[in-house]
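Hi,

Here is the structure I promised to send over. Have a look first, and then read on for my notes.

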Amino acid sequence: MGTAKGWMAGLITALFLLSGCTAALIGGAAVGAGSGTYFYINGEMKTDYYHSFDAVWSATEKTVAEMRGLEVQPDKEIGKGKIIAVIEDEKVHIAVTYKAKNVTTVAIRVGLLGNRLSSQLIHDKIGDNLARR
């Protein structure tokens, strides 16, 4: 009887792992930062920067250039933009979105499934470029 309960608990755990819900439980931890709070959910790291959209866009472009991004594809519209590039042999998607006056959201996904450490590094460099302005 005990082994049946063990198997059932293992099966339920496996179901959660396969359904992707654990990304919100395991990878959804928030990390404090000077610009706000970083949220890492489903392979994408987001944060708000308390700067204008144009300032954040410029800092993001500068970051991609400093990191020697290849095959850079910027697409900027009014209040939103995205940059797709290859950095260190990984495809990087950066979305910059106007949220409010002097509040801009940046979402970064590195690779197909996401890479938390690499996303954090890019966010840190964007923050550094904003601080230097």
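**What I found**

Glu71 sits in strand β4. Bear in mind that this is a predicted model, but Glu71 caught my eye anyway: its phi is positive, about 50 degrees, although it is not a glycine. As for its surroundings, Glu71 is exposed, with a relative accessible area of 62%.

Since we are in β4, let's follow the sheet from there. β4 covers residues 70-77 and pairs with β5, residues 80-87, in the antiparallel sense, with 6 bridges between them. You can check the register at two places: Leu70 has Val86 of β5 as its bridge partner, and Glu77 has Lys80 of β5. The hairpin of β4 and β5 leaves 2 residues between the strands, and Gly79 takes a positive phi there, near 80 degrees.

β5 then carries on to β6. That strand runs over residues 90-100 and is antiparallel to β5, with 8 bridges joining the two. Val86 turns up again here, this time standing opposite Lys91 in β6. So which residue in the turn of the β5 and β6 hairpin has a positive phi? Look at Glu88, where phi is about 55 degrees; this hairpin also has 2 residues between its strands.

One more backbone oddity before the helices. Asn42 is in the loop between β2 (36-41) and β3 (44-49). Its phi is near 50 degrees, again a positive value in a residue other than glycine. Asn42 counts as partly exposed, at 47% relative accessibility.

Now for the helices. α3 and α4 pack with their axes 8 Å apart and at an angle of about 120 degrees. That angle makes α3 oblique to α4. The crossing of α3 past α4 is right-handed. On the α3 side, the contact is made by Ala55, Val56, Ala59, Thr60, Lys62, Thr63 and Glu66, and these meet Ile122, Lys125, Ile126, Asn129 and Leu130 of α4.

Thr60 deserves a closer look. This residue of helix α3 is buried, with a relative accessible area of 0%. What does Thr60 touch, leaving out residues up to four places away in sequence? The list is Ile83, Ile94, Val96 and Ile126. Going by the residue ranges, Ile83 falls within β5, while Ile94 and Val96 fall within β6. Ile126 is one of the α4 residues in the helix contact.

Further along the same helix is Ala65, with α3 spanning residues 53-66. Is Ala65 buried or exposed? It is exposed, with a relative accessible area of 55%. Ala65 and Ala85 are 20 residues apart in sequence, and their C-alpha atoms are 9.9 Å apart in space.

α3 also holds an aromatic pair, and a search of the whole structure finds just 1. The partners are Phe53 and Trp57, which are stacked, at 6.3 Å centre to centre with 20 degrees between the planes. Both lie in α3, 4 residues apart, which is about one turn of the helix. Phe53 counts as buried at 9% relative accessibility, and Trp57 is buried as well, with a relative accessible area of 4%.

Last stop: His123, in helix α4, which spans residues 116-131. Why does His123 count as buried? Because its relative accessibility is 0%, and the cut-off for buried is under 20%. Setting aside residues up to four places away in sequence, His123 touches Tyr38, Met45, Lys46, Thr47, Tyr49, Val106 and Ile108. Among these, Tyr38 falls within the range of β2, and Met45, Lys46, Thr47 and Tyr49 fall within the range of β3.

If you only open the model for a minute, I'd go to Thr60 and its contacts, then to His123 and its contacts.

Cheers

Conventions
Residues numbered from 1 in each chain as written. Predicted model: local features only at pLDDT ≥ 70, side-chain atom pairs only at ≥ 80, totals over all residues. Heavy atoms only, no water. Buried < 20%, exposed > 50% of the residue type's maximum accessible area, 1.4 Å probe, protein only. Pairing = 2+ DSSP bridges. Contact = heavy atoms within 4.5 Å. Phe/Tyr/Trp six-rings, centres within 6.5 Å; stacked < 30°, edge-to-face > 60°. Axes fitted to C-alpha atoms, helices over the stretch in contact; angles between N-to-C directions. Parallel < 35°, antiparallel > 145°, perpendicular 65-115°, else oblique. Left-handed = near helix turned anticlockwise from the far one by under 90°.
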